[in-house]
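Trainee: Could we go through this one together, starting with the surface and ending with the charged side chains?

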Amino acid sequence: MAKDPLAEAGLHFDELNKLRVLEPDVSQKTTELKEECEDFVDKIGQFQKIVGGLIELVDELAKEAENEKMKAIGARNLLKSVEKQREAQQQQLQALIAEKKMQLERYRIEYEALQKVEAEQNEFIDQFILQK
């Protein structure tokens, strides 16, 4: 009966016979909840570490992708530049070919004219020799 007045006052004895304000089952549940909370906090910490590592990895991959993208853009621009240079070189070579064709035609006409002059001179020489 001595326990009842203590229990009514909110006082209880634990397994070590210490005087407690909480009931033993409430104290046990509180301890279990505290341990579960500590486990939960530990798991959240681990989760944050994992997520932090994942974020770092994704950031590194993003940087690598950006670097590769810049390399690809540079290569594409270089290719366009080379293509434009080739087009310009092709146009220069076509102009040179046209110029050389015109020069060849002039030389052909000059050659024909010189052959005609040679033929006329040979005919003149032949007539001159025959007159003597």
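Trainee: What share of the protein's accessible surface belongs to carbon and sulfur atoms?
Mentor: Keep in mind that this is a predicted model. Its accessible surface comes to about 12,700 Å². The part of that belonging to carbon and sulfur atoms is 59%.

Trainee: And what percentage of the residues is buried?
Mentor: To count as buried, a residue has to be under 20% relative accessible area. The protein has 132 residues. Those that are buried make up 2%.

Trainee: What pattern does the secondary structure follow along the sequence?
Mentor: You've got two helices and two strands to place. One of the helices, α2, takes in residues 24-131. Reading along the sequence, the pattern is α-β-β-α.

Trainee: Which residues form a nonpolar patch on the surface?
Mentor: Start with L57, which sits in helix α2. Its relative accessibility is 45%, so it counts as partly exposed, and a patch residue needs over 30%. Together the patch members offer about 370 Å² of accessible area, and they are L54, L57, V58 and L61.

Trainee: On to charges: how far apart are the closest N and O atoms of K71 and E68?
Mentor: These two are three residues apart in helix α2, so about one helical turn separates them. K71 is exposed at 54% relative accessible area, while E68 is partly exposed at 47%. The pair forms a salt bridge, and the closest N and O atoms are apart by 3.6 Å.

Trainee: Is E105 buried, partly exposed or exposed, and what is its relative accessible area?
Mentor: E105 meets R108 in a salt bridge, 2.3 Å from N to O. Both lie in helix α2, about one turn apart. Buried would be under 20% and exposed over 50%, so E105 is partly exposed, with a relative accessible area of 35%.

Trainee: Which residues do salt bridges with shared partners join into one network?
Mentor: Side chains of opposite charge can pair when their charged atoms come close. R108 has a salt bridge with E105 and another with E112, where the closest N and O atoms are 2.5 Å apart. R108 and E112 are four residues apart in helix α2, about one turn. Sharing partners in this way, the network joins E105, R108 and E112.

Trainee: How many salt bridges does a search of the whole structure find?
Mentor: We've been through K71 with E68, E105 with R108, and R108 with E112. For the whole structure, the number of salt bridges found is three.

Conventions: Residues are numbered from 1 along each chain as its sequence is written. This is a predicted model: local features need pLDDT of at least 70, side-chain atom pairs count only at pLDDT 80 or more; totals for chains, interfaces and linings use all residues. Side-chain values use heavy atoms; hydrogens and water are left out. Buried means under 20% relative accessible area, exposed over 50%, partly exposed in between (1.4 Å probe, protein chains only). Accessible areas come from the Shrake-Rupley method with a 1.4 Å probe; for residues, only the protein chains shown count as cover. Patches are made of residues with over 30% relative accessible area and no salt bridge: like charges are joined within 9 Å, nonpolar side chains (Val, Leu, Ile, Met, Phe, Trp, Tyr) within 5 Å. A salt bridge is a side-chain nitrogen of Lys or Arg within 4 Å of a carboxyl oxygen of Asp or Glu.
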